[in-house]
Amino acid sequence: MVQFIIRRLIAMLLTLFAISFVAFAIIQLPPGDYLTSYIASLAATGDQVDPRVIENLRAQYGLGEPYLVQYWKWLAGILQGNFGSSFEWKRPVTELIWGRLGNSILVEGLAVIVMWFIALPIGIYAAVRKYSLGDYLATVAGFIGLAVPNFLFALILMYLAYTWFGTTLGGLFSPEFETARWSLPRIWDFFAHAWAPVLVLATGGTAELIRILRANLLDELKKPYVVTARAKGLPEWKVILKYPVRLALNPLISTIGWLLPALVSGSVIVSVVMNLPTAGPMLLRSLTTQDMYLAGAIILLLSVLTVIGTLISDILLALIDPRIRYGAK
Amino acid sequence: MAVQSMEQIVPVAVPRRTARESQFGLMWRRFRQHKLALVSLWIVAVFYLIAILAEFLAPVDPSDYSARYTYAPPQGLNFVAQNEDGSWHFGPYVYAYKTEIDPVALRRTFVLDETKRLPVHFFTESEPYRLAGFIPMSIKFMGVENPRDPFYILGADRLGRDLLSRLIHGTRISLSIGLAGVTLSLFFGVVIGGFAGFYGGWFDGAVMRTVEFIRSMPTIPLWLGLAAAMPKDWSALQTYFAITIILSLIGWTELARVVRGRFLSLRTEDFVTAAQLDGASDWRIVTRHMVPSFTSHIIAAATLAIPGMILAETALSFLGLGLQAPIVSWGTLLQDAQNIRTLATAPWLLAPGLCVVVVILALNFFGDGLRDAADPHGR
Amino acid sequence: MPQTPMAAKPLLTINDMSIVFSSPDEADIEAVRQVDLTLTPGKTLALVGESGCGKSVTARAVLRLLDRNAKIPSGKILYDTGAGPVDIARLNSDSLAMRAIRGAEISMIFQEPMSSLSPVHTIGDQIDEIIVLHDRLNKKQARERTISLLDQVGVPGARDRANAYPFELSGGLRQRAMIAMALACTPKLLIADEPTTALDVTTQAQILDLLRQLQDDFGMAMLFITHDLGVVAEIADEIAVMYLGDVVEQGDVYEVFRAPKHPYTQALMNSVPRLMRKAERQRLTPIKGTVPSPKDRPNGCAFTSRCPHAFGPCAEIRPQRTMVSTGHTARCHLLTHEKAEAFA
Ligand SMILES: Nc1ncnc2c1ncn2[C@@H]1O[C@H](COP(=O)(O)OP(=O)(O)OP(=O)(O)O)[C@@H](O)[C@H]1O
Ligand code: SF4
Ligand SMILES: [Mg+2]
């Protein structure tokens, strides 16, 4: 088990390294470099450009030096917690992103939980009562859930809320709680806002989870150990929950590996539509203004979060499956 | 006492011989049994036909605007009406608009004027145009009698442009970008996946790690990052191709995985071994023996990859980093629907979303049907 | 030779049972048509027949473990609870009464010891569960009992093995664990559905020995399903022969082997090679033709299409169950019609 975790950790480190490379490449992609944009933006606001500041920055980022040197300086900075600075906000990137990332993690984490809570009972029901009305409804709903893009669903939900109830869905907090400390009323306020984006984000994944869970469970239900369990005299619900469901869940937990990337992807666009104070809108804004250090940091951190989430799911899978834990198969 | 299992008593039934049938004949026969897939095939075909005939089908040019008809509601298309004298009118027509002042919002709004009917004609004369860019034509599928009369079957947008015409032209862009993206991905996927699966070894390992790596990343931030690097002064065509390339940079992975898997399993098949023993070259084995035996799988996998491409384009353009304004695609059209207040006054702006959902569903069912038909036992 | 008919009170009697499978897009299949079986405490009944003739389905019907699309439209499965017989065929399959019988009164072991155990639960957990369920012991007591059971069925190092997962054990040990599980609540009837088919010959012999010995210790009745006439000779007191959903002959093993009365049983016995010198060997006579599917089964005797003696009434009239000697019955028109008639 320890060996398994160590192997996964090493693999994750390599992935993180690759991610940092990709993020840096994206920072470098737009024509011109950070300093030119910086000077341009300073000039645009009519500020004086202090040549010494420019020189310092040039040395700090290694601008003008080979890419690999620049990459190395950037990476070394990140390892010390320095993600560079945003020329649009004229502040270090680190000051800008943590709050937003926290909100992203919160919303996405809630979406994962909601996904499982909806998908588990429906998936089990659909498999156990195969071809029943409920099964068909779940299948149809699942297909629609898969085909309606997140942002469209968000738009429809907002439209309905606006025309029926006259409310505008959006944001995560009311203005008075925006910067307040966490407290009971703030939590309440958060949930009053967050249910809509969480629901929107959860649909696609829920549909997919139901589909896989149903298929897995149908496979497992045919296996002889289910008959053995019934032959013991256990009540049917206990037979199903303790044996086939348990086994059908194993491959599902590893699906988080691709559910998470999709979820993070989706949350960027949903956040823009629903105006959430998460990393998504900030990423979009920084990309349109070519505020590349900010954009690179967000892309980097979103990917890192995804990879860590995947690692956690892998370890969870290993924990509940003795076949992996003991290295069999 | 010697013992024998009873199963051996029973002579093995001789399998019924089926007539030799081409791979695709067989596939089509199996495909036809999936009713949903068959219906979806028709839907997909209709949409692609619309894409091809866009100029002919669209009543007006997608960029024709008319400030007089900002957010004019959909006229619909009617066929039967009762005249004032009680007689019946048959034939296509739309109602004209009249303006009213909304007493609450103090805004000018359009309502349909049910007293005024504007007859609609099919195959009407029009300004000369070129179908698909090269066939000169001067006939449109339909239009109102007087070209100056308003004709907004699906309503108008902020600039008074006809949503139907824009939707039809958007269909062309969105569907073709899906197809182009998949074609490009398919090329990468087959080449890379094919090499990995056929030669195995370290190259296979490297490819698989790369595929896993790309698939473990959230795609939209990546796409956004790449799309944001496109110079703003690129022409419409340049952006179009750039977006296609960006989409396939990630899209090839799934196809490469499928191709590699197929190659790996085929490599050990008897007929490949036989060809190898015959001394056939690798190239010949791949092109003559292996590729033909799984084209059907590849077609199915490629079909299933189109929806992802369309969704990605829509999302990127919707966020303003994909295709840009003069180009009309479902994504750029939906950009108009981003504001909730606009949406509340003009809900018909969501129509492109409906197209997205229908096409995505149809392509998924169609692809599933193809996959089942290509590989009835697999999954 | 049994002195008086029905010397011991039968534990389980199946009368004229049929089993029908329905499917949404095909006609119903009557997989089992006419099954009569009698099981007595302390005795082993071997159920033999070709693949697909309905042995497993019959066995599962006794525990009502058939799939949801199966029905038992006719017949009785009478189980003697001690306080009078219950008709299992009329119980609800998930009812309390049925669940009280499963595992506690009647238990079952299966052909595939690997897939019949849950791969993600330890052997001990899976056995404890049944003890806790029926005998209401606490976890710790149950585990002690599990360990002594594993010991009893010959699992070496039982205390450690109880914490092992099935994939850590060999096939033979897994089957022993299955047997321990089946015997955990000292059932009165053990159904073994081809328990040795998946094992190698040596292990097979050990498991048969074990089952025989356990039967002596526990005194339970056993329904033993197999393809293998050699195994029958080794373990069974009685034999029942099935063909395409019908039990065509049942009786004392020695009786039936010596003088099979049904043409199918006769063909079966003929198809088993006897040990003799090479020069003297005769060709085995396989049964001609193939087993039809239940859909193409003749209305009358199921064996009509392949029977060398088939005559007038065979195709249309179902032969009655006929007693040929004490406790030996068969279903064949030859037994009730005059020879002359048969050849007329
Ligand atoms: N769930 C089911 N649905 C439909 N038909 C079934 C089902 N289960 C079994 N059958 C039918 O019942 C018949 C008897 O099957 P069964 O498994 O009892 O055979 P068997 O005698 O145990 O054969 P084997 O020696 O191969 O184990 C088969 O022909 C099969 O077609
Ligand atoms: S009843 Fe007729 S067909 Fe059936 S076994 Fe007897 S002789 Fe043969
Ligand atoms: Mg069987």
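Here is a short chat about helix packing, a pocket and two backbone angles in a predicted model.

User: Why are helix α3(C) and helix α6(C) called roughly parallel?

Analyst: Start with the angle: α3 (residues 123-135) and α6 (residues 171-183) of chain C pack at about 15°, with their axes 9 Å apart. Angles under 35 degrees count as roughly parallel, so α3(C) is roughly parallel to α6(C). The crossing of α3(C) past α6(C) is right-handed.

User: Which residues of α3(C) and α6(C) meet?

Analyst: From α3(C) you get I123(C), Q126(C), I127(C) and I130(C), and they meet A177(C), A180(C) and M181(C) of α6(C). By class, that contact has 6 nonpolar residues, 1 polar and no charged.

User: What makes Q126(C) polar?

Analyst: Gln isn't among the residues that count as nonpolar or charged, and the others count as polar, so Q126(C) goes in the polar class.

User: Over in chain B, how do you know whether α8(B) and α9(B) are roughly parallel or roughly antiparallel?

Analyst: Same recipe! The axes of α8 (residues 270-277) and α9 (residues 282-318) of chain B cross at roughly 175° and come within 11 Å. Over 145 degrees counts as roughly antiparallel, so that's the verdict for α8(B) and α9(B). In this contact, F271(B), V272(B), A275(B) and Q276(B) of α8(B) meet I285(B), H289(B), M290(B) and S293(B) of α9(B). The split there is 5 nonpolar, 3 polar and no charged.

User: What makes up the lining of the second largest pocket?

Analyst: The pocket holds about 1,400 Å³ of space. Its lining has 36 residues, and the closest to the centre are V128(A), R230(A), D67(C), R68(C) and N69(C). Elements that each supply at least two lining residues are α5, α8, α9 and α10 of chain A, together with β1 and β4 of chain C. Sorted by class, the lining has 18 nonpolar, 5 polar and 13 charged residues.

User: Why do R230(A) and D67(C) count as charged?

Analyst: Asp and Arg are both on the charged list, so D67(C) and R230(A) belong to that class.

User: What makes the phi of Y131(A) worth a look?

Analyst: Most residues other than glycine have a negative phi. Y131(A) isn't glycine, yet its phi is near 65°, a positive value. You'll find Y131(A) in the loop between α5 and α6 of chain A.

User: And where does T186(C) lie?

Analyst: T186(C) sits in the loop between α6 and β7 of chain C. Its phi is near 40°, again positive in a residue other than glycine.

Key
Residues numbered from 1 in each chain as written. Chains lettered and ligands numbered in written order. Predicted model: local features only at pLDDT ≥ 70, side-chain atom pairs only at ≥ 80, totals over all residues. Heavy atoms only, no water. Axes fitted to C-alpha atoms, helices over the stretch in contact; angles between N-to-C directions. Helix = DSSP H or I, 4+ residues; strand = E, 2+ residues; numbered from the N terminus. Parallel < 35°, antiparallel > 145°, perpendicular 65-115°, else oblique. Left-handed = near helix turned anticlockwise from the far one by under 90°. Contact = heavy atoms within 4.5 Å. 1 Å grid on protein atoms, 1.4 Å probe; cavity = no way out; pocket = protein on both sides within 12 Å on 5 of 7 lines; lining within 4 Å. Points joined across faces, edges and corners; volume = space filled by probe spheres on them.
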